[in-house]
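Student: I would like a close look at a single part of this protein, with its surroundings described carefully enough that I can follow along in the coordinates. Please choose one stretch and work outward from it.

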Amino acid sequence: MGMKEERIRVGSGFGMRWLTAAFIVMILGGMTGSGCTEETKIDVASKMDTRRMPTMTTRNISTLISDSGVTQYKIVAPLWEVYDEGANPHWKFPEGIYLRKYDRKFKVIATIAADSATFFKNEQLWRLDGRVEVTKYPKELFLSQQVFWDQSKGRVYSDSFIHIENATHVMEGIGFTARQDFSEYRITRPLGIFPADRKDLAGGAGSANPGHAAPQPGSRGSIDPMVSHNSR
């Protein structure tokens, strides 16, 4: 009996020592693994600049924008990114945009299509880039590579090449400024003016085709240093 009890006693002691050692290794290993994970998280977080990250991302949007209870325009875009952090909050539409402008009677007065766009909220300023096409209903078409729309001043302008088609003439130049309803506009530096029935026109007025590329300046003669239009 004494020998049996001794064996049990020795065996139990060895088992306890083994379990204790295993428990200590498990705790230390867990602490080490947890520490590495936390360090990794902290390291990744420290490298993030939240000011460069969108606070909201929305895909395949179609929404109406109102001001003082009046619907101003409609936005259709495959991707809308909102950046509210920092001193210059803005929206981005990196995959293209289609805008439809309404009057107070909810009648479409103009449409805008562009390869990409940015809206600066503080300035109430749109910047449209790429192939920009503006249609003023019913028969006027504006093509350019970059257009700005200042909502606070009610003006649309550009410093880039501009191609304008209306019912009677085609005009080209560098830079233009217009009312946001396009009832009045002026080409800053005209390059040419010619009848609208020419066969080499870029396209029919009011085609509203977002893929319609703006033509490049050509040698089509020159006219007075300013071309103005007023449809009122």
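Tutor: What follows starts from one strand and its partners and then turns to the spaces and the core of the chain.

The model is a predicted one, and every value below is computed from it. As background, the secondary structure of the protein chain comes to one helix and 12 strands, and read along the sequence the helix is followed by the strands in the pattern α-β-β-β-β-β-β-β-β-β-β-β-β. Buried residues account for 34% of the 232 residues in the chain. Of the contacts between residues at least 6 apart in sequence, 47% join residues that are at least 24 apart.

The part to look at closely is strand β9, which spans residues 155-165 and is mostly covered, with eight of its 11 residues buried. On one side β9 is joined to strand β8, residues 140-150, by seven bridges, and the two strands run antiparallel. A useful pair for finding the register is L141, which stands opposite E165 in β9. The hairpin of β8 and β9 has four residues between the strands, and within that hairpin G154 takes a positive phi near 65 degrees.

The other partner of β9 is strand β10, residues 169-179, to which nine bridges join it, again in an antiparallel arrangement. Here the register can be read from two places: Y157 stands opposite T177 in β10, and the bridge partner of I162 is G173. This second hairpin, formed by β9 and β10, has three residues between its strands.

Strand β10 is itself mostly covered, since eight of its 11 residues fall under the 20% relative accessible area that defines buried. Nine bridges carry the pairing on from β10 to strand β11, residues 184-195, and these two strands also run antiparallel. G173, already met as the bridge partner of I162, stands opposite P190 in β11, and following I162, G173 and P190 therefore gives a path from β9 through β10 to β11. The hairpin of β10 and β11 has four residues between the strands, and F182 in its turn has a positive phi of about 60 degrees.

F182 also leads to the enclosed space in the model, where the structure holds one cavity of 30 Å³ or more. The largest cavity contains about 40 Å³ of space, and its lining consists of K101, A110, I112, W149, V156, Q180 and F182. By residue class, this lining divides into five nonpolar, one polar and one charged.

K101, W149 and Q180 appear again in the lining of the largest pocket, which also includes I65, S66, D67, Q72, Y73, W91, F119, Q124 and Q151. About 190 Å³ of space lies in this pocket, and its lining residues divide into five nonpolar, five polar and two charged. Strands β1 (56-67) and β2 each supply at least two of the lining residues, and β1 gives the most, with three.

Strand β2 is also where the largest nonpolar core should be inspected. Of the 31 residues in that core, I75, F93, I97 and W126 touch the most other members, and the largest share of the core, five residues, comes from β2, residues 70-83. Leaving aside neighbours within four places in sequence, I75 is in contact with I61, S62, T63, I65, W91, F93, I97, Y98, L99 and W126, a list that includes the pocket-lining residues I65 and W91.

Two further residues can be placed by their contacts. T118 is found in strand β6, residues 116-120, and T118 counts as buried because its relative accessibility is 6%, against a cut-off of under 20%. Not counting residues up to four places away in sequence, T118 touches H90, W91, K92, L125, W126 and R127, among them W126, one of the core residues named above.

D129 lies in strand β7, residues 125-136, and at 15% relative accessibility D129 also counts as buried. Beyond its neighbours within four places in sequence, D129 is in contact with A114, D115, S116, Q145 and Q146. The C-alpha atoms of D129 and A113, which are 16 residues apart along the chain, are separated by 9.6 Å. Q145 and Q146 fall within β8, residues 140-150, and the contacts of D129 thus reach the strand that pairs with β9.

Notes. Residues are numbered from 1 along each chain as its sequence is written. This is a predicted model: local features need pLDDT of at least 70, side-chain atom pairs count only at pLDDT 80 or more; totals for chains, interfaces and linings use all residues. Side-chain values use heavy atoms; hydrogens and water are left out. On a 1 Å grid over the protein atoms alone, a cavity is a set of points where a 1.4 Å probe fits but cannot get out, and a pocket is an open set with protein on both sides within 12 Å along at least five of seven lines; lining residues have an atom within 4 Å of a point. Grid points are joined across faces, edges and corners, and a volume is the space filled by probe spheres set on the points. Ala, Val, Leu, Ile, Met, Phe, Trp, Tyr, Cys and Pro count as nonpolar, Asp, Glu, Lys and Arg as charged, and the others, Gly among them, as polar. A nonpolar core is a set of buried Ala, Val, Leu, Ile, Met, Phe, Trp, Tyr and Cys residues joined through side-chain atoms within 4.5 Å. Buried means under 20% relative accessible area, exposed over 50%, partly exposed in between (1.4 Å probe, protein chains only). Contact means heavy atoms within 4.5 Å.
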